[in-house]
Amino acid sequence: MRVLLVHPSALMYSEIFLRLEPLGLERVAAALLADGHDVRLTDLQVYRKADLERQIAAFQPEAVGFSLNYLANVPEVVDLAKQIKAVLPGCFVFAGGHSVSFVAQQVLAHAGGAIDVVLKGEGETGAPALLAAVPDRALAEVPGAVTADGPGRPPRMLHSLDDHLPARHLTGRRRKYFIGVMDPAASVEFTRGCPWDCSFCSAWTFYGRSYRRLPPEAAAEDMARIAEPGVFIVDDVAFIKAEDGDQIARLLERRGIRKQYYLETRCDVLLRNEEVFRRWRRLGLNYMFLGLEALDEDGLKAFRKRTTPTINNKALEVARSLGLSVAINIIADPDWDEARFAFVREWAMSVPEIVNITVQTPYPGTETWFTESRRLTTLDYRLFDVQHAVLPTRLPLHRFYQELVKTQSVLARKHLGVAALAKTTGIVARQLLHGQTNFVRMIWKFDQVYNADRQYGEHQRPAEYLLPPPAPPVKAPDRKELYIHVPQRRRA
């Protein structure tokens, strides 16, 4: 079957700081190729809609699959599905991914028949089974498939993470992918899932709080296939198990593979497994993201981070001693006032780390969706991108955005201004010499993207598609009710 896989456009944050290859879609493509399908892939982060239209006209796909990992992309994907059905009425259209797994039936209703199936759970297992069922229309038998008639069988987890390594050769314009100064950069996955249960996060609810690891040999093999000099390790929490990180490092050392690495981890994991991070520093680890989320004890407890300010501060000291460039995230509470924003700015300017600010956002699949969603001030999918306030703000909304952008711009100038550019002159020169302009462009784009008038104005746009209105009870549900994948041991 001729299959076209499509990744939607970049979100607001990705317009500046990063643009990552569609790793999940590349893995689904690998699974479909293994089943004998003729597969193409178009990533609208780096291609235009006109490119997609030409691809459809030339390829005449029999099936089109959309990646829907982010709620903010739902309207775009629904509209694209309707356009494809108008051009190719017989084309089978499906969507899958993280966020759509939690709102599958609502997205089918929005599409009005333009999307035949929403595939919940992991696509590597679901997509091949789904396309095999299309000729007989036995869609209800496919694990994870949801149709207009309702959900069928529960989704099935991938047997092993090395079953289908990414089909990176299908992704064009790979030099458009970057993260910060790592330009260009590929992405790689060593583990999947998260054993923690932060209240604002849906990583653990999607995977049923399970945690699976790619065999070290497969991890090294996948790394050997990457041509880019930079690699972003996309694991939710890198190197939870020190022995796994050590084994992968040993194999990379043996094969003489050296890259620049960027990863995300937790402060307590960094402290517990300091030696493995030290080893990876020698191997090329230069950048680390730590999700602090809050600066005080009460904030950390509210997010159920299961850490403390003392642990977080110790982790920052360790990261500094390793010579790493560290980015940290703080979640802005809509209840912040001018004084709180000023305090965060002052603190962020006092530390050497890159500080990023996101806005507290209840997402379907998280506990906060059940505890906070009845307070939502909007149900417009497009605003659920952690850059917009969707809960009531203490300040008038436009004033909230002014303070938010003021804080973000002060922090951006710290690391993207003229002084910061002087520190990265050598990096920029090498990038330009090789025709890489992603990082250079982002330095000057901040004010075009982050703008209080723009963000406030986006609340005034008419919305054709809305999230389902929250229903009582407001209390948090049984956690297992949130799971997309129920691990086998829990099913038993």
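**Exercise 1.** Work out which way α1 and α5 cross, and how they pack.

*Solution.* Start with the handedness: the crossing of α1 and α5 is right-handed (the near helix is turned clockwise from the far one by less than a right angle). This is a predicted model, where local features need pLDDT of at least 70, side-chain atom pairs count only at pLDDT 80 or more, and totals for chains, interfaces and linings use all residues. Residues are numbered from 1 along each chain as its sequence is written, and side-chain values use heavy atoms, leaving out hydrogens and water.

Next, the geometry: α1 (residues 23-34) and α5 (residues 123-133) pack at about 40°, axes 8 Å apart. That makes the two helices oblique to each other (not under 35 degrees, over 145, or 65 to 115).

**Exercise 2.** Find where Arg304 and its salt-bridge partner sit, and say whether they are buried or exposed.

*Solution.* First, the partner: Arg304 meets Asp197 in a salt bridge, 3.4 Å from N to O (the cut-off is a Lys or Arg side-chain nitrogen within 4 Å of an Asp or Glu carboxyl oxygen). Arg304 is in the loop between α11 and α12, and Asp197 is in the loop between β11 and α6, so the pair ties together parts 107 residues apart in sequence. Finally, both Arg304 and Asp197 are buried (under 20% relative accessible area, 1.4 Å probe, protein chains only; exposed is over 50%, partly exposed in between).

**Exercise 3.** Do likewise for Arg255 and Glu221.

*Solution.* Their closest N and O atoms are 3.2 Å apart. Arg255 belongs to α8 and Glu221 to α7, 34 residues apart. Arg255 is partly exposed at 43%, and Glu221 is partly exposed at 34%.

Definitions and conventions: Axes fitted to C-alpha atoms, helices over the stretch in contact; angles between N-to-C directions. Helix = DSSP H or I, 4+ residues; strand = E, 2+ residues; numbered from the N terminus.
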